[in-house]
Structure formats: structure tokens, C-alpha cells
Amino acid sequence: MATRKTDIKWGANPVDLEGPEVKVGQKAPDFTAVGVDMKPVSLMDTSGKPRVFLSVPSLDTATCDTETRRFNKEATSIGNAEVYVVSMDLPFAQKRWCGAAGVDKVKTLSDHRTASFGSGWGTLEPGRRLLARAVFVVDKDDTVQYVQYVPVVAEEPNYDAALEAVRKLS
């Protein structure tokens, strides 16, 4: 898959990301990731309700930890929407992290096997084989309603805008 030039920075350096830039109004790209139960999870498996997909480098980093905990806390205020955190972390590490952090309202998905989420949603940084930070809100019919590719990977996303977008759907 081809990489695209971006203004997204990893540290002080701009990075190229693999895959197309996802835009509001398009159908959400399909993917297959792995749940903490080691079973595959695709877009179709999540359909039927509003969803927030968080693309993060690793749950074991400070910003990803903060972001995931924040969305876990907010999950009860966004109606019937579900929150998925996608990273390259192994499912075992995701399960361990969630248990240690008391995170029980978001679902983690590992993209480590095929990177199909990262390459399909345009967040895969192939040199590091990690996902860049991004937030996607998708409605029950799989149409993308909100997108933020966070300009500096080490910074947090715009929580208010993402939460407002998903609340409109719930």
C-alpha cells in the first residue's frame, strides 16, 4: 500500500502514513483486528450503533494512557455508543493494561497481525509499525461523522469535539 505525505509529527519530524486519509461522509473502511479474547473483530462486528475508534501508538505510553482513561470515563455519557481503542499492542498487553488501569468501558483491539486498521484508516506509520493518534466517530450505518488526525502524535486529541460528534448520534 502506498504512503502519503502528512503534516503529522512524530517528535519534531513529519511522518508519512500508509493508507488513504479517511474523510467525513465516507463509508468507514473495513478492517480485521484482534480482540483481547484473541478472536478477530471486523468493522461489521461493531456495526449497528455509533462508535468511536481511537487509533493510538501504545497503551503503555503517557498520552495513550490519558486518552484511553478519559474516553473510558466519558463512555457512560455518550448513550449507546461504543468506544474502541486500536493499537499495535498485543492483546495480552492490552488486557493487562486495562486491568491495571481499571479501564472497563472501552474495548481494545490489536492491529498487530495485519495492520489492516492502520493501513485502511490511514494511521499506520510503517517505519515504526505503530499507529498515529487519530479519532474517528462512525454512525450506526458505518458512515464516518468525525475525523481528527492529531497533528503531533504525543499530544491529546480534541476530546470535546469528538464527544460532541458521538453524542449527536446517540
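## Helix 2 and its cover

Several elements cover the buried residues of helix 2, including strand 7 (51-55), strand 8, helix 3 (91-101), strand 12 (134-138) and helix 5. The model described here is predicted. The buried residues of helix 2 are Thr 63, Cys 64, Asp 65, Glu 67, Thr 68, Phe 71, Asn 72 and Glu 74.

How far apart are the end C-alpha atoms of helix 2? They are 18 Å apart. At 1.5 Å a residue, the 13 residues should span 18 Å, so the expected and modelled lengths agree.

## Salt bridges

How many salt bridges does a search of the whole structure find? It finds 15. One of them joins the side chains of Arg 70 and Asp 160, at 3.9 Å from N to O. Arg 70 belongs to helix 2 (residues 62-74) and Asp 160 to helix 5, so this pair ties together parts that are 90 residues apart in sequence. Arg 70 is partly exposed, with a relative accessible area of 26%. Asp 160 counts as exposed, at 55%. The two residues also belong to a network of salt bridges that links Arg 70, Glu 74, Asp 160 and Arg 167. Glu 74 of this network is among the buried residues of helix 2.

A salt bridge also joins the side chains of Glu 82 and Lys 107, at 3.3 Å from N to O. Glu 82 lies in strand 8 (residues 82-87) and Lys 107 in strand 9 (residues 107-110), so the pair ties together parts that are 25 residues apart in sequence. Is Glu 82 buried or exposed? Glu 82 counts as buried, because its relative accessibility is 19% and the cut-off for buried is under 20%. Lys 107 is partly exposed, at 40%. The side chains of Lys 105 and Asp 104 meet in a salt bridge too, at 3.1 Å from N to O. Lys 105 is partly exposed, at 41%, and Asp 104 is exposed, at 55%.

## Aromatic pairs

The whole structure holds 11 aromatic pairs. Phe 31 and Phe 117 form one that is edge-to-face, with 5.3 Å between centres and 80° between the planes. The pair links distant parts of the chain, 86 residues apart: Phe 31 sits in the loop between strand 4 (17-18) and strand 5, and Phe 117 in helix 4 (residues 116-120). Phe 31 and Phe 117 are both buried.

Phe 53 and Tyr 84 form a stacked pair, with 5.3 Å between centres and 20° between the planes. Phe 53 is in strand 7 and Tyr 84 in strand 8, 31 residues apart. Both are buried. Ring pairs also build a cluster from Phe 31, Phe 53, Tyr 84, Phe 117, Trp 121, Phe 136 and Tyr 149.

## A buried loop residue

Where is Val 150 found? Val 150 is in the loop between strand 13 (144-149) and helix 5 (159-167). Val 150 is buried, with a relative accessible area of 1%. Leaving aside neighbours within four places in sequence, Val 150 is in contact with Ile 8, Arg 133, Ala 134, Glu 155, Glu 156 and Pro 157. The C-alpha atoms of Val 150 and Ala 132 are separated by 7.9 Å, and the two residues are 18 residues apart along the chain.

## A nonpolar surface patch

Which residues make the nonpolar surface patch of about 300 Å²? They are Met 38, Leu 90 and Phe 92. Met 38 lies in the loop between strand 5 (32-35) and strand 6 (40-42). Met 38 is partly exposed, at 31% relative accessibility.

Definitions and conventions: Residues are numbered from 1 along each chain as its sequence is written. This is a predicted model: local features need pLDDT of at least 70, side-chain atom pairs count only at pLDDT 80 or more; totals for chains, interfaces and linings use all residues. Side-chain values use heavy atoms; hydrogens and water are left out. Helices (H or I, at least four residues) and strands (E, at least two) are DSSP runs, numbered from the N terminus. Buried means under 20% relative accessible area, exposed over 50%, partly exposed in between (1.4 Å probe, protein chains only). Contact means heavy atoms within 4.5 Å. Patches are made of residues with over 30% relative accessible area and no salt bridge: like charges are joined within 9 Å, nonpolar side chains (Val, Leu, Ile, Met, Phe, Trp, Tyr) within 5 Å. Accessible areas come from the Shrake-Rupley method with a 1.4 Å probe; for residues, only the protein chains shown count as cover. A salt bridge is a side-chain nitrogen of Lys or Arg within 4 Å of a carboxyl oxygen of Asp or Glu. The expected span of a helix is 1.5 Å times one less than its number of residues. Rings of Phe, Tyr and Trp (its six-membered ring) pair if their centres lie within 6.5 Å; planes under 30 degrees apart count as stacked, over 60 as edge-to-face and the rest as tilted.
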